[in-house]
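Visitor: Could you walk me through this one? I'd like to start with the overall picture and then look at some detail.

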Amino acid sequence: MSGYRSLSIRYPNRYEHSTVATMRPSPARNLLLLAALLLPCGSSHATTIPTKPARHLFDITEAGSGALLLPTDVAVGTNGQVYIVDSGHSRIAVFNPAGHPVSTFGTPGSSAGELQKPIGIGIDSRGMVYVADSGNNRIQVFTPDGHYRSGFPVKGRSGPVKPIDVAVADNGTIYVTGNTNHMVMVYDQSGKLVDQWGGEGTSEGQFRYPGTLVVRGGLIYVVDVLNTRVQVFEPSGQFRFHIGEWGVAPGQMFRPKGVAIDRRGRTYVTDSYMDLVQVFNRSYKFMYVLGRGGKPQKFTAPAGLAIDSSNRMYITEMLEHKVSVYQLP
């Protein structure tokens, strides 16, 4: 399957933002999906997919001390440096804005400053680097130059939890997604659990394997992977709305993985199954897919992504073992 290029059906306006909770795909919907994929591309009912090109600048593949291996997430620091979760090597690789290696930190292990299969990364307003040290069930905090500062275990109210991603609000509040408890957990700067919300389910405010999250404009955006949507919350955990729904039409999602917000408030979402990036406007309505001439730009298992102040997009392509850098339109 090559993203939307294999689809030849007409998509009504309902593929734009919907406030109806996404439910588990029914057998009937699965049959409709299969039928859509099998329709010939030359069908007279084909629709033009809204696209907008992003200019490829360069790829980051080497960390100075070896090639990247299964990168999962990326963040841009307050110093302009790029921090990549090099998950296959259980380390963080640091690059300058031109993509040249600067340093790495973290080695495999469970001691302070060591990492075990890290997945997500976040940076606070001071430039401190927070790493979701998934294999060690903890969050670790490093200085911008990679020196270990502190850490705390990720424990929900029912015990240890594998963290997937971490984001820090301007006031220092730390938000962590939990893979094994299907929740967003909220910590203070001392690592004390002060709140949590979610739980496994398909209703608004519930999750099935929450993944990447980002804090922007006083709201928390959470990728709800198996519910195929991005949910948006108030800092209190109050559900506001969601972006996307299950499907393979424009504005729908099949396996969302990463989310980022650009300086104009547009939301970018990666889909690791359809290998593309969709863009939603400030009102959370579908706008376009990154691509050209109605053909989506093809990525390889895109996961975490970040957008800097210059509107550069850094996108992890896990199975290609690289981070691709694009200038957004």
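Guide: One term before we begin: a residue is called buried when its relative accessible area is under 20%, calculated with a 1.4 Å probe on the protein chains only. By that criterion, buried residues make up 56% of the 329 residues in this protein, and please keep in mind that the model is predicted.

Visitor: What is the mean pLDDT, then?

Guide: The mean pLDDT of the protein is 87, and 86% of the residues reach 70 or more. Residues 1-45, however, have a pLDDT below 50, although this stretch has 95 contacts in the model beyond near neighbours in sequence.

Visitor: OK, how many helices and strands are in the protein?

Guide: The protein has one helix and 28 strands. Of the contacts with a separation of 6 or more, 49% are between residues 24 or more positions apart.

Visitor: Let's look at a sheet: which order do strands 17, 18, 19 and 20 have?

Guide: They form an open sheet of four strands in the order 17-18-19-20, with antiparallel pairing. Strand 17 (210-216) and strand 20 (239-243) are the edge strands, each pairing on one side only, and the twist averages 20° from one strand to the next.

Visitor: And how many bridges join strand 17 to strand 18?

Guide: Five bridges join these two antiparallel strands, strand 18 covering residues 219-224; among the paired residues, valine 215 has isoleucine 220 in strand 18 as its bridge partner.

Visitor: Switching topic, what does the accessible surface come to?

Guide: The accessible surface comes to about 13500 Å², and 50% of that belongs to carbon and sulfur atoms.

Note on methods:
Residues numbered from 1 in each chain as written. Predicted model: local features only at pLDDT ≥ 70, side-chain atom pairs only at ≥ 80, totals over all residues. Heavy atoms only, no water. Buried < 20%, exposed > 50% of the residue type's maximum accessible area, 1.4 Å probe, protein only. Contact = heavy atoms within 4.5 Å. Areas by Shrake-Rupley, 256 points an atom, 1.4 Å probe, with all protein chains shown as cover. Pairing = 2+ DSSP bridges. Axes fitted to C-alpha atoms, helices over the stretch in contact; angles between N-to-C directions. pLDDT = per-residue confidence, 0-100.
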